[in-house]
2 protein chains.
Amino acid sequence: MELSCKSEYALLALLELVGTYQSGEPLQIRQIAAQQHIPDRYLEQLLATLRRGGFVRSQRGAKGGYTLARDPWQISLLDVINCIEGLDAQTADPKQASQTVEGTIIHEVWQEAQSAVDSVFQRYTLQDLATQRDARRQRNLMYYI
Amino acid sequence: MELSCKSEYALLALLELVGTYQSGEPLQIRQIAAQQHIPDRYLEQLLATLRRGGFVRSQRGAKGGYTLARDPWQISLLDVINCIEGLDAQTADPKQASQTVEGTIIHEVWQEAQSAVDSVFQRYTLQDLATQRDARRQRNLMYYI
DNA sequence: GCATACCCCAGTGGAGAACCGGGATATACT
DNA sequence: AGTATATCCCGGTTCTCCACTGGGGTATGC
């Protein structure tokens, strides 16, 4: 299956922004890119898409950067993926409604699978992942004591 | 998500073969292609893949064609899709195991989604779809009476 | 031995993914 | 005002894969 680099990069970047959400301080592309090993020029495009989707706010100029536009527990992974992977993917789906009986049946099974992934991605929010990350960081630290 | 044309075509072809499974008579590419509106030269390649995967048997020469190699209730959609979509897709997956904590977390969620689709595709066999098809054909006929 | 149908290999066109680059614009700080 | 900073927006490039086409080889039934 997919979940192309794009979505992964976008989620990584958003998780980084969750960390600075409390302070309100903007994070810059360079910092996010360095932290998560993402090519910065590419990340720029993804953040532009996320901005148009209303997930992040941007501030231009010196001391600028990006901040989360919504609360991290109100952003599901599905929201992000749909935004980044192109919403037209499901909008332009109807095509010619499978000319044969077999075609419609297969299409129905496929939609069932689609719903299955959607429900997985909808059940996690950015906050969930961030919390999980913090827990793991804590655990990792304990090994050094 | 995907489920590219390839898988759909393969499933359509296999469903067609389920219909002639009892009689043991081979079906030819041309017939399947015409019945399901699939470009025949393309279908040929898919059937070759299915043959290498052990799903169909082929008979060459005049009066040749394809027959199902296994019982239709012993072939799940997942089997077919894995065969056609390339098994290397999951074999070559390990890549560099996401250098950051966030990366591994996202990867885990993604695997959960992957399992969700797999379980959907595994719960249906070719026989299931064929039975459903026959039931619908029956219903459609009743409208004409 | 000839038509039939599979077999194999090779190529094409288009779409999208993953990038890179340059110049314009807005902002903070001095 | 001026300059450094950072986003914004317009491209282009390379690569891979999908969907599909084509040619010649090989086995089989009549």
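The paragraphs below describe the fold of chain A, its contact with chain B, the surface around DNA strand D and two residues of chain B, all in a predicted model.

It is convenient to start with chain A. Seven helices and two strands make up its secondary structure, and along the sequence these elements run in the order α-α-α-β-β-α-α-α-α. Chain A has 145 residues, of which 32% count as buried. Among the contacts in chain A with a separation of 6 or more, 67% join residues 24 or more positions apart.

Next comes the meeting of the two protein chains. Chain A brings 32 residues to the contact, and chain B brings 32 residues. On the side of chain A that touches chain B, two or more residues come from each of α1 (5-19), α6 (101-122) and α7 (126-142). Of these helices, α6(A) provides the largest share, 14 residues. Sorted by class, this side of chain A holds 18 nonpolar residues, along with seven polar and seven charged ones.

The nonpolar interior can be followed from here. In the largest nonpolar core there are 76 residues, and the ones with the most contacts inside it are Leu14(A), Ala13(B) and Leu14(B). For Leu14(B), once neighbours within four places in sequence are set aside, the contacts are with Phe55(B), Val80(B) and Leu126(B).

The DNA offers another view of how the chains are arranged. Around DNA strand D lie 23 residues, and those that come nearest are Ser58(A), Cys5(B), Pro39(B), Arg41(B) and Gly61(B). The elements that each supply at least two residues of this surface are α3 (40-52) and β2 (65-68) of chain A, together with α1 (5-19) and α3 (40-52) of chain B. The most is given by α3(A), with four residues. By class, the surface near DNA strand D comprises nine nonpolar, seven polar and seven charged residues.

A last residue worth a look is Val101(B), which belongs to helix α6 (residues 101-122) of chain B. Val101(B) counts as partly exposed because it has 16 C-beta neighbours inside 10 Å, a count that falls between the limits of 12 or fewer for exposed and 20 or more for buried. Apart from neighbours within four places in sequence, Val101(B) is in contact with Arg133(A), Arg136(A) and Arg137(A). Along its own chain, Val101(B) is 17 residues from Ile84(B), and the C-alpha atoms of the two are separated by 33 Å.

Note on methods: Residues are numbered from 1 along each chain as its sequence is written. Chains are lettered from A and ligands numbered from 1 in the order in which they are written. This is a predicted model: local features need pLDDT of at least 70, side-chain atom pairs count only at pLDDT 80 or more; totals for chains, interfaces and linings use all residues. Two residues are in contact if their C-beta atoms, placed from the backbone, lie within 7 Å. A residue is near a molecule or strand if its C-beta atom, placed from the backbone, lies within 6 Å of it. Ala, Val, Leu, Ile, Met, Phe, Trp, Tyr, Cys and Pro count as nonpolar, Asp, Glu, Lys and Arg as charged, and the others, Gly among them, as polar. A nonpolar core is a set of buried Ala, Val, Leu, Ile, Met, Phe, Trp, Tyr and Cys residues joined through C-beta atoms within 7 Å.
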